[in-house]
Amino acid sequence: MQVDSAEVVSNKAGDGRVVLMHHKVCEGEHEGRKILYDRLSLKEKAAWKLKRFLKAAQVPYSGSSFATEDVLGSKFWALIETKTTPTGRIVNEVADYLVE
């Protein structure tokens, strides 16, 4: 996987911030496919998931602090699953970030 875009935005509840990322598959039989709207919460209780992504993507960080521009273009391995949205659309979703 490779990060195509990343931005920090307010979450849906309006009580926190998330890193909203779009990824693409960069190797293998599914090369070029997109993973839209991967969200990483910046809340303290979700810091473990953010740190797992940063480790998998080899993005330098201190505590939970990192530079968003360092995320852009970073490559990582991930477990991808399909999910059915409430409207019945099937989408790809990052289930886990794989850390070496």
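Visitor: Which residue in the turn of the β1 and β2 hairpin has a positive phi?
Guide: This is a predicted model, by the way. β1 and β2 make a hairpin, with six residues between them. Their pairing is antiparallel and runs over eight bridges, with Ser5 standing opposite His22 in β2. In the turn, the residue with a positive phi, about 80 degrees, is Gly14.

Visitor: Which strands are the edge strands of the open sheet?
Guide: Three strands build that open sheet, and their pairing is antiparallel. Their order is β1-β2-β3. An edge strand here pairs on one side only, and that fits β1 (2-10) and β3 (34-41).

Visitor: And what does the twist average from one strand to the next?
Guide: Take the open sheet in its order, β1-β2-β3. Going from one strand to the next, the twist averages 20 degrees.

Visitor: At about what angle to β3 does helix α1 run?
Guide: Helix α1 covers residues 47-56 and lies across β1, β2 and β3. Just after α1 comes Gln58, with a positive phi near 55 degrees. As for the angle between helix α1 and β3, it's about 130 degrees.

Visitor: Which residues of α1 are buried?
Guide: Buried means under 20% relative accessible area. What covers the buried part of α1 includes β1, β2, β3, α2 (68-71) and β5. The residues of α1 that count as buried are Ala47, Leu50, Phe53, Leu54 and Ala56.

Visitor: Why is the pair of Phe53 and Tyr97 stacked or edge-to-face?
Guide: You describe a pair of aromatic rings by the distance of the centres and the angle of the planes. For Phe53 and Tyr97 the ring centres are 5.2 Å apart and the planes sit at 70 degrees. Planes over 60 degrees apart count as edge-to-face. So the pair of Phe53 and Tyr97 is edge-to-face.

Visitor: How many residues apart are Phe53 and Tyr97?
Guide: Phe53 belongs to helix α1, and Tyr97 to strand β5 (residues 90-98). Both Phe53 and Tyr97 are buried. Their pair links distant parts of the chain, and the separation is 44 residues.

Visitor: Which residues form the one aromatic cluster with Phe53?
Guide: The structure holds three aromatic pairs. One of them joins Phe53 and Tyr97. The cluster with Phe53 is formed by Phe76 and Tyr97.

Visitor: What pattern does the chain follow along the sequence?
Guide: There are two helices and five strands to place. Reading along the sequence, you get β-β-β-α-α-β-β.

Visitor: What radius of gyration does the chain have?
Guide: The C-alpha atoms fill a box of roughly 35 × 30 × 20 Å along the principal axes. For 100 residues, a compact globule would come out near 13 Å. The chain agrees with that, having a radius of gyration of 13 Å.

Visitor: What share of the exposed area do carbon and sulfur atoms supply?
Guide: Of the 100 residues, 31% count as buried. The chain exposes about 6600 Å². Of that area, the share from carbon and sulfur atoms is 48%.

Methods: Residues are numbered from 1 along each chain as its sequence is written. This is a predicted model: local features need pLDDT of at least 70, side-chain atom pairs count only at pLDDT 80 or more; totals for chains, interfaces and linings use all residues. Side-chain values use heavy atoms; hydrogens and water are left out. Two strands pair if DSSP finds at least two bridges between them. Helices (H or I, at least four residues) and strands (E, at least two) are DSSP runs, numbered from the N terminus. Axes are lines fitted to C-alpha atoms, for helices over the stretch in contact, and angles run from 0 to 180 degrees between N-to-C directions. Contact means heavy atoms within 4.5 Å. The radius of gyration is taken over C-alpha atoms; the globule rule is 2.2 Å times the number of residues to the power 0.38. Buried means under 20% relative accessible area, exposed over 50%, partly exposed in between (1.4 Å probe, protein chains only). Accessible areas come from the Shrake-Rupley method with a 1.4 Å probe; for residues, only the protein chains shown count as cover. Rings of Phe, Tyr and Trp (its six-membered ring) pair if their centres lie within 6.5 Å; planes under 30 degrees apart count as stacked, over 60 as edge-to-face and the rest as tilted.
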